[in-house]
Amino acid sequence: MSITATQKRGFSAVLWDYLTTVDHKKVGILYLIGGGFFFLLGGLEALIIRIQLIKPENDFISAGLYNEMITMHGTTMIFLAATPLLFGLMNYIMPLQIGARDVAFPFLNALGFWLFFSGGVLLNLSWFTGAPDAGWTNYAPLSVQSPGHGVDFYVMGLQLAGAGTLMSGINFIVTIVTMRAPGMTYMRMPLFSWTTLVTSILVLFAFPALTVGLFLMMFDRMFDTAFFDVALGGNTVIWQHLFWIFGHPEVYILILPAFGIFSEIIPTFSRKRLFGYTAMVFATFLIAFLGFMVWAHHMFTVGLGPVANSIFAVATMAIAVPTGIKIFNWLFTMWGGSIVINSAMLWTLAFVPSFTIGGMTGVMLGASVADYQYHDTYFVVAHFHYVIVGGVVFALLAAMHYWWPKMFGRILHEGLGKLAFWTFFIGFHLTFFIQHFLGLMGMPRRYWVFLENQGLDTGNLISTIGAFFMTFGTIVFVINIVYTAMKGEKAPADPWDGRTLEWTLSSPPAHYNFKQLPLVRGLDPLWIEKTEGNGKMTPAEPLDEIHMPNSSIVPLIMTIGFFIASYGFIYQVDHKAWLIAVYVGMAIALGSMLYRSLKDDHGHHITKDELEREAD
Amino acid sequence: MKGWMGKSKALFLFTMLALFLAGCGKENLTALEPKGYGAERSMDLIILTTLIMIGVFLVVMVIYVIALIKFRRKKGQEDYIPKQIEGNHKLETIWTVIPIILVLIIAVPTVIATFDLADESQASTSLNVEVTGNQYWWHFNYEDEEIVTSQDLYIPAGERVYLNMQSSDVIHSFWVPSISGKMDVNPENVNTMFLEAYEEGVYWGKCAELCGPSHSLMDFKVIVVSPEEFDQWVSDMQNVDPEQVPEGAVAQQGQALFEANNCMACHAIGSSPVATGPNLTNFGDRSTVAGILEPTKENLVEWIVDPESIKPGNKMTGAYPSISEEEANSIAEYLMQLKPSEITPESAGN
């Protein structure tokens with residue numbers, strides 16, 4: 001395998017390359033493509049929801065389709081868009097930031113991506129026969145009783161995607177623990193890598209709860225068990241507990257990497273080191289820890305009693321403290337700095353007030369008795385969109401502008417970037433700010449129609465107008481990507497006067513990342529070399545052969561096996577002949593595992609000659 | 001900088017204008033004008049937390065705006081390297097301790113209110129109503145009074161009424177925003193909450209937990225009347241004669257059709273325990289047809305002929321052979337005459 005693929009390759013060669021890749025950068029790009037696709041799909045669903053609610057008693061879509069739409073919008077955005085987009089960035093950037101040549105388990109990394117992607121495809125194939133319609137939270141017994149196969153697709157799709165996410169989480173933990181470059185101690189790690197580590201720990205502990213819940217749901221729906229069947233002694237509240245023991249940490253799985261992204265961008269564009277680095281690291285851990293202690297605040301109205309409600313209320317409010325620490329540390333990073341405002345920084349600056357509002361309404365929701373009014377209304381819808389759009393989506397868009405040059409070698413167009421920003425930002429606040437009031441004015445969430453003459457018309461109309469602004473902004477961003485791919489300005493290695501290791505590499509980096517592993521002398525290693533050295537990293541090792549993993553098609557084949565088996569599980573309820581699909585699919589998957597276990601794959605070496613031949 | 005400020009200002013003004021136009025929402029529906037004990041306790045906390053949060057937000061924004069104006073890179077500063085500051089113990093302590101104090105200020109009244117609203121000590125001496133949530137209607141059983149009704153819940157003003165709630169199918173959530181916050185209605189256990197309405201009136205109630213296609217159409221009303229009127233209503237309802245022959249040939253034909261089509265299999269008239277469908281004892285006094293439509297005969301005819309077009313996924317669709325418009329008209333004529341009490345939603349004052 002040659003290092004420099006300068007010659008033009010055919011489409012099929014590129015396709016084969018990506019289907020078989022185990023390179024963390026290409027897997028990262030695959031995650032971005034997959035997540036980006038599902039993000040657009042979820043956005044389309046959101047727009048349809050808002051069009052339905054543009055006026056009272058609208059009949060743009062039917063009640064059943066509306067419930068499918070809200071279910072798929074939520075499920076898609078959380079599991080198939082936000083999580084994978086963040087995982088794509090972690091995959092691409094984290095190894096570069098800690099000075100590694102790949103992740104610890106490259107094969108597993110590819111498998112994780114394909115499982116996520118096949119889960120997403122499986123879930124969305126349900127559109128052809130009837131999508132799940134019990135909400136993204138899929139509460140029993142509504143979900144168990146839901147007719148058709150929609151909820152079965154939800155269960156199997158999320159099981160596949162969840163397995164992929166869990167694998168990636170383990171992979172990131174091992175990578176960060178074992179593969180940091182010489183001198184890269186934990187307390188010298190960039191915040192994005194720190195949050196990747198903490199997020200991965202959250203994934204490790206949170207996803208198993210979802211896995212268990214999904215298995216119980218699968219057995220209830222497909223094999224006639226009665227975990228959630230009250231008539232036979234089951235209990236429906238168990239599902240809510242399992243779902244939120246996963247679901248609340250999932251919020252932090254999304255927001256912590258977002259915090260990490262802002263903690264990279266603000267110092268870079270303020271030309272100043274992160275204020276209170278140690279406090280930031282500890283705040284991250286504290287948020288993660290408390291994130292596991294608060295799940296029942298989603299269940300204040302379930303009737304758990306005043307003792308449980310009080311404990312979970314106070315624990316919830318406590319999260320405001322470490323989050324506040326973070327906000328103030330960002331502000332004081334900018335304070336006294338030399339601030340440049342470009343597209344990446346605009347998204348970051350927009351995040352601060354937007355997320356502060358989302359965090360504050362979070363504290364308000366934590367006050368359990370106040371939550372008796374907010375719960376399951378548009379107030380909650382407003383709150384979590386302020387957190388997830390104002391926090392996570394803004395972070396993703398900021399990160400795209402910030403790391404695009406590193407990943408694709410070209411700089412996103414500034415003018416288009418600003419246009420996308422302003423329209424999306426204004427649209428976002430138009431859409432969601434008013435929803436706080438809609439909720440308190442008596443509009444529950446997941447309402448297919450709202451009735452005339454209830455004082456809800458104006459608010460809903462404004463909200464829908466905002467959604468169109470957001471749509472416009474998103475389209476401009478997509479145009480920006482296409483434009484940049486064709487005519488974008490070529491990026492140097494370090495376009496932003498960066499501080500961390502990824503900016504020492506060419507844009508995009510060679511497939512082995514570091515020709516020689518760098519010696520890290522402190523936090524912001526590149527900045528240290530710029531101000532105290534010659535601006536280049538000192539190698540920590542002599543130039544020598546590099547050992548890299550081989551590409552493999554096995555992860556994809558294994559995934560196809562699981563995909564076929566999932567289809568079999570869903571349809572064997574109708575006809576036992578479908579069990580053949582289960583057996584065939586499992587045979588493919590297990591056969592692939594056997595092949596992987598028995599066949600030695602020692603990877604390949606890039607020789608010293610090849611490395612020397614390559615120009616810097 | 002100017003563009004940023006200008007745009008946020010325009011956004012702010014637009015939002016304020018929108019709020020002004022929308023007001024605080026519809027009276028007797030909005031949680032922002034509490035007219036009951038629970039809603040008031042919630043509102044107290046909503047106001048307290050909102051004020052504290054606005055304070056925090058202003059502090060954040062002041063620092064943010066000053067930092068942006070003062071420290072934005074200006075022409076000629078391209079090579080300026082700011083001092084690299086690791087942190088500041090005093091500042092970091094301040095923004096750790098102050099939020100802890102603010103959280104405590106919110107936490108104490110929250111815990112007190114949580115226990116206050118869960119207080120069931122007066123349940124045994126108060127009016128108790130067994131509430132059953134069904135796809136997509138509400139069943140109200142005044143067990144001690146031996147009264148059964150549905151959709152319109154009559155309660156006396158100024159008294160605590162305990163609701164013991166359970167679902168017959170999926171999870172629902174009982175919410176009357178103006179009077180009290182919500183409580184889930186689960187299939188596996190009885191949840192108890194109380195309503196204490198201050199003023200007479202007809203209050204909107206809504207289901208707040210996704211329960212199927214017609215979740216958004218599962219409205220109900222709470223009719224708050226004076227204690228005297230409530231006693232009157234109770235005695236009227238207790239003395240209903242379910243067999244009473246209605247006035248007029250059309251209505252009498254309707255009564256016969258009601259029996260011939262076996263409507264009683266699901267719908268009781270009188271205090272029968274049948275609860276497959278809504279109890280119709282005081283149907284003529286109901287504030288709505290099917291929970292959402294104006295209480296007119298035309299709407300009732302439409303509902304009987306094709307309920308699916310009004311509430312998708314309801315359990316009445318297909319439960320009886322098709323009924324012609326004329327037959328439906330007779331049945332409607334009969335049902336609209338079921339007015340056992342002088343006490344109606346109009347008695348509640350609006």
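1. The side chains of A:Asp17 and A:Lys26 are joined by a salt bridge, with N and O 2.8 Å apart. The two partners differ in their cover: A:Asp17 is buried, at a relative accessible area of 10%, whereas A:Lys26 is partly exposed, at 21%. A:Lys26 falls in this class because buried means under 20% relative accessible area. This note concerns a predicted model, and the values below should be read accordingly.

2. On the overall form of chain A, the secondary structure amounts to 20 helices and four strands. Along the principal axes, the C-alpha atoms of chain A occupy a box of roughly 70 × 60 × 45 Å. The radius of gyration of chain A is 24 Å, which agrees with the value near 25 Å that a compact globule of 616 residues would have. Of the 616 residues in chain A, 65% are buried.

3. Over all chains, the salt bridges come to 17. A second pair in chain A consists of A:Asp376 and A:Arg445, whose side chains meet at 3.4 Å, N to O. A:Asp376 sits in the loop between helix H13 (368–374) and helix H14 (378–408) of chain A, and A:Arg445 in the loop between helix H15 (414–440) and helix H16 (457–487) of chain A, so this salt bridge ties together parts that are 69 residues apart in sequence. Both ends of the bridge are buried: A:Asp376 has a relative accessibility of 6%, and A:Arg445 one of 11%.

4. A further salt bridge links A:Lys530 to A:Asp494, with 2.7 Å between the closest N and O atoms. This pair, too, connects distant parts of the chain, 36 residues apart: A:Lys530 belongs to helix H17 (residues 525–532) of chain A, while A:Asp494 lies in the loop between strand E2 (489–490) and H17 of chain A. A:Lys530 is partly exposed, at 28% relative accessibility, and A:Asp494 is also partly exposed, at 24%. The pair does not stand alone, as salt bridges with shared partners join A:Arg271, A:Asp494, A:Asp497 and A:Lys530 into one network.

5. Turning to the surface of chain A, A:Leu40, A:Val478, A:Val482 and A:Met486 make a nonpolar patch of about 360 Å². H16(A) supplies the largest share of the nonpolar patch, namely three residues. A:Leu40 is placed in helix H2 (residues 24–52) of chain A. The relative accessible area of A:Leu40 is 43%, and the residue therefore counts as partly exposed. Helix H16 (457–487) also bounds the loop that holds A:Arg445 of the salt bridge in point 3.

6. In chain B, a surface patch of negative charge gathers B:Glu159, B:Glu200, B:Glu228 and B:Asp231. One of these residues, B:Glu200, is located in the loop between strand E8 (191–195) and strand E9 (201–207) of chain B. B:Glu200 has a relative accessible area of 37% and is partly exposed. B:Glu200 qualifies for a patch because its residues need over 30% relative accessible area and no salt bridge.

7. In review, the salt bridges described here are set in different surroundings. The A:Asp376 side of one pair is buried, as is its partner A:Arg445; in another pair, A:Lys530 and A:Asp494 are partly exposed. The bridge between A:Asp17 and A:Lys26 combines a buried residue, A:Asp17, with a partly exposed one, A:Lys26.

Terms used:
Residues are numbered from 1 along each chain as its sequence is written. Chains are lettered from A and ligands numbered from 1 in the order in which they are written. This is a predicted model: local features need pLDDT of at least 70, side-chain atom pairs count only at pLDDT 80 or more; totals for chains, interfaces and linings use all residues. Side-chain values use heavy atoms; hydrogens and water are left out. Patches are made of residues with over 30% relative accessible area and no salt bridge: like charges are joined within 9 Å, nonpolar side chains (Val, Leu, Ile, Met, Phe, Trp, Tyr) within 5 Å. Accessible areas come from the Shrake-Rupley method with a 1.4 Å probe; for residues, only the protein chains shown count as cover. A salt bridge is a side-chain nitrogen of Lys or Arg within 4 Å of a carboxyl oxygen of Asp or Glu. Lys and Arg count as positive and Asp and Glu as negative; His and the chain ends are not counted. The place of a charge is taken as NZ of Lys, CZ of Arg, CG of Asp or CD of Glu. Helices (H or I, at least four residues) and strands (E, at least two) are DSSP runs, numbered from the N terminus. Buried means under 20% relative accessible area, exposed over 50%, partly exposed in between (1.4 Å probe, protein chains only). The radius of gyration is taken over C-alpha atoms; the globule rule is 2.2 Å times the number of residues to the power 0.38.
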